[in-house]
Amino acid sequence: IRSKRRRNLPPGPAGLPLIGIFHQVGDTPLHEYFSQLSKEYGPLLYVKLGSRPVLVANSSRTAEEILKTQDLAFCSRPPFLSMSKLSYERFDIAFAPYSAYWREMRKICMLHLLGSARVRTFRPIREDEVSRLVQKLSEQASRGETINMTERITYLTSTLICRMAFGKRYEHGSGESKEFNHIIREFQTAISAFHFTDYFPWLGWLDKVLGKIDHLERVYKKWDLFYQQLLDEHQQPDRPKSMDGDVVDILLQLRKDGSFDIPLDHIKAVLMNVYFASTDTIATTIVWAMTALIKNPSVLKKVQAELRALPMPQNKPLVEEEDIAMAQLPYFNAVIKEVLRLYSTIPLLLPREAIKDCTIDGYEIPAKTLVHVNAWAISKDPELWKDPFEFKPERFMGDERKFTLDLKGTDFGLIPFGSGRRGCPGITMALATLEIVMVNLLYLFDWRLPDGMKKEDIDNDIEPGLTMHKKNPLFLVAKKFV
Ligand code: HEM
């Protein structure tokens, strides 16, 4: 009887039979499209994408309902085709369905890979890579060269994470580095590719006919080989002890101890998460930060003045993490928050799935509904944020409540790392990396636009995908300050 009754679903455009609202989205990024719809239909939106029912939370209150009050009902992930394939059929952390397996994996990773103590042990790698970056930038600065910041920063974060996770370092421009970049790009394209199976299951055969399944299989095989070689290298009996300590070593050691009793394929799935959840997100955030600062010279000047007042020993080539840990940097911290607010690195968080039928605001949400929390729209909500599209770190200064806001998902007006059971477990690693890179870029260099370019020429265009990449590279000119 219940299934025959019309459910009291949240409001939203009716869409067409079979395709829902797919045809209406066009080129508008999904987070912006949902945000526009919510102006008409309210903060809780229900639409169909193909035959898939989708719930979108567009306000801090509805986000809190999903990520906190009813977190347990909404803490699974949908079984999308590419994510499933590339995560070893969801035996990772990020795309795994809610289960005892996922809880155990997440607990082990928090304890051994991503907690503050472990993040501290990777400090020498962070400082070494940042000092290599500083060296490169100094050379380019002395020649007055225009620097492709997007390329530099992407290489930095990729190299950093590769060393921490895999114990590998590829020299910029080397054959190995080019090959690695190539398979990274293939992975990124494959994971965010559109598949009919996900939204139009009855057209799933088209994925096969169009060669999409074969392509996915090829990308999967290449990465499987890469992880297998890593595992083999790490298990060589003659591997020097001095090389121990990367994520592969930690996971293999836990497996040997018996405290992490999982097949090697599942270790590969975790390695995938660690690399792909970190590199792109951190690089993108730094590129947007530099974009915002070059477009807002008074903010750039103010944050540099705060950093340059740090008591630094003479002739030290780098601001180290120790120098930052001891300092009070309220304006710098406000700049980081404002970047994450304005640019929302992962605008719709990672998609969730309702585990069971539940009710929000009196509306019925069926089990298996795909759930998006629109972090981008929430952090532009004019009721929470004055002049929401302006870059104003000052909004986080002073004695307002927002000053103490901590990014960990306790204040639902700003949730760049999500919140609740599935919130980002890598936040400590992310913030430590963002901090050391940004402090050094701003302390050690003055920045300007290439000759003939005005700040109005820098666009905010974005690349479609889970992460909100800046579409066009950012070019800047550096001058060494000290
Ligand atoms: C600026 C950098 C980063 C941003 C903005 C970011 C943001 C996010 C967001 C929004 C989610 C989804 C949260 C949700 O569904 O509520 C997430 C999940 C996740 N992040 Fe991050 N992240 C960053 C860096 C990292 C790093 C450095 C790691 C380390 C490996 C990491 C590992 C993960 C994992 C494993 C998940 C899935 C968690 C789960 O499903 O249980 N992230 N991240």
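Me: Helices (DSSP runs of H or I, at least four residues) and strands (runs of E, at least two) are numbered from the N terminus. So what phi does Gly-258, just after H13, take?

Reply: Heads up, this is a predicted model: local features need pLDDT of at least 70, side-chain atom pairs count only at pLDDT 80 or more, and totals for chains, interfaces and linings use all residues. Residues are numbered from 1 along each chain as its sequence is written. Gly-258 comes just after H13, and its phi is positive, at about 90 degrees.

Me: Within what arc do the buried residues of H13 fall, seen down its axis?

Reply: H13 (residues 247–257) buries Val-247, Val-248 and Leu-251, where buried takes 20 or more other C-beta atoms within 10 Å of a residue's own, exposed 12 or fewer, with partly exposed in between, and C-beta atoms are placed from the backbone. Those buried residues line one face of the helix, because the directions from the axis to their C-beta atoms span an arc of 105 degrees.

Me: And which residues are exposed on the other side of H13?

Reply: The buried residues of H13 have cover that includes H5 (100–114), H8 (149–166), H12 (212–234) and H14 (264–295). Over on the other side of H13, the exposed ones are Lys-256 and Asp-257.

Me: Which helix gives the largest share of the largest nonpolar core?

Reply: A nonpolar core is a set of buried Ala, Val, Leu, Ile, Met, Phe, Trp, Tyr and Cys residues joined through C-beta atoms within 7 Å. The largest one here has 93 residues, with Val-270, Ile-286 and Met-290 among those with the most contacts inside it. The largest share, 19 residues, comes from H14.

Me: How many residues are in the second, separate core?

Reply: Val-56, Ala-63, Cys-75 and Leu-414 are included in this one. The second core is separate, and its count is 33 residues.

Me: How many residues does H14 give to the shell around the ligand?

Reply: The shell has 26 residues, the closest being Ala-277, Ser-278, Gly-418, Cys-424 and Gly-426 (the cut-off is a backbone-placed C-beta atom within 6 Å). Elements giving two or more residues are H5, H14 and H19 (427–444). H14 has the largest share, 7 residues.

Me: Which strands stand at the edges of the sheet?

Reply: The open sheet has 4 strands in the order S1-S2-S7-S4, with mixed pairing (a pair needs at least two DSSP bridges). S4 pairs with S7 (residues 370–373) in the antiparallel sense over 2 bridges, and Glu-353 stands opposite Leu-370 in S7. Each edge strand has a single partner, so one side of it is left without a neighbour in the sheet; these strands are S1 (44–49) and S4 (352–353).

Definitions and conventions. Contact = placed C-beta atoms within 7 Å.
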